Amino acid sequence: MKSSHPTPQAANVVVQRLDVINLIFHSFFITDYQSLMNNTRIFCDLNIALSEKPSETLINQAEHALSKYKELGDQNLSGLRSAIASAKSQMDSLNSSVRSTLNSLKDELDQMDNNNVAIENRRYQTQVAELEDKLAQAQKVHDNQAIADMKESLRLAQEIHDKKMSTIKAEQDAAKSEKTTAATTTTTDSSSSSSSTSSSDSNKKITVSLQSQAGAAEVTVNGESDLNN
């Protein structure tokens, strides 16, 4: 009857195989742990940078990191996603404030130049941008009522803009017409004044005293032309 106990050679083979398995497992564990630590450090650095100095470049880097390490799961990536959303919100707020300041200065300059067309166009463009942004938000959440309301708002905004532009054009045409009428009146008054002066000069009578040995006499003529004759 053969013994069931392993031979020393077989036992050594088993031990060697276990050592190899343990080495492989340990190697993978260390590698995964180091990778996890590196990724955690990357996410932490991006979170800090996005909160302190948000920029388009950092946002792009963070979104690339989300795509690259998506296998880590939503729970591990939620912090970075929140940081990206917050950074985008800050950037949008800054851009909106800058645009508002710029448009305000342009409006002030156009008011000084009486350029109401440019002011109205700029107002309309800003309004449309805001309405289209809200429409996009409504479409994103599939809110059919909000989508319909935003489309109607865009239509009304267009109608109001067209009426304002018509009013501005009518005012400009009226101002041009008034200016032309005033210039024509001034020219007519000037011509009438000149004609009146000439007529007055031509109708002016002149009395000339003449003296001779025979005596003195006075002669009255109608104007300088008769006197020259």
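Visitor: Is His161 buried or exposed?
Guide: The model is predicted: local features need pLDDT of at least 70, side-chain atom pairs count only at pLDDT 80 or more, and totals for chains, interfaces and linings use all residues. Residues are numbered from 1 along each chain as its sequence is written, and side-chain values use heavy atoms, with hydrogens and water left out. Buried means under 20% relative accessible area, exposed over 50%, and partly exposed in between (1.4 Å probe, protein chains only). The relative accessible area of His161 is 8%, so His161 is buried.

Visitor: Which residues does His161 touch, not counting those up to four places away in sequence?
Guide: His161 sits in helix α5, residues 144–202. Helices (H or I, at least four residues) and strands (E, at least two) are DSSP runs, numbered from the N terminus. Contact means heavy atoms within 4.5 Å. Beyond that sequence window, His161 touches Glu120, Asn121, Arg123 and Tyr124.

Visitor: Which helix gives the largest share of the largest nonpolar core?
Guide: A nonpolar core is a set of buried Ala, Val, Leu, Ile, Met, Phe, Trp, Tyr and Cys residues joined through side-chain atoms within 4.5 Å. The largest one has 15 residues, and Ala62 and Leu80 are among those touching the most other members. At least two residues each come from α1 (8–52), α2 (56–68) and α3 (74–112). The largest share, 6 residues, is supplied by α3.

Visitor: What distance separates the C-alpha atoms of Ala146 and Leu135?
Guide: Ala146 belongs to helix α5 and is partly exposed, at a relative accessible area of 24%. Ala146 and Leu135 are 11 residues apart along the chain, and their C-alpha separation is 7.5 Å.
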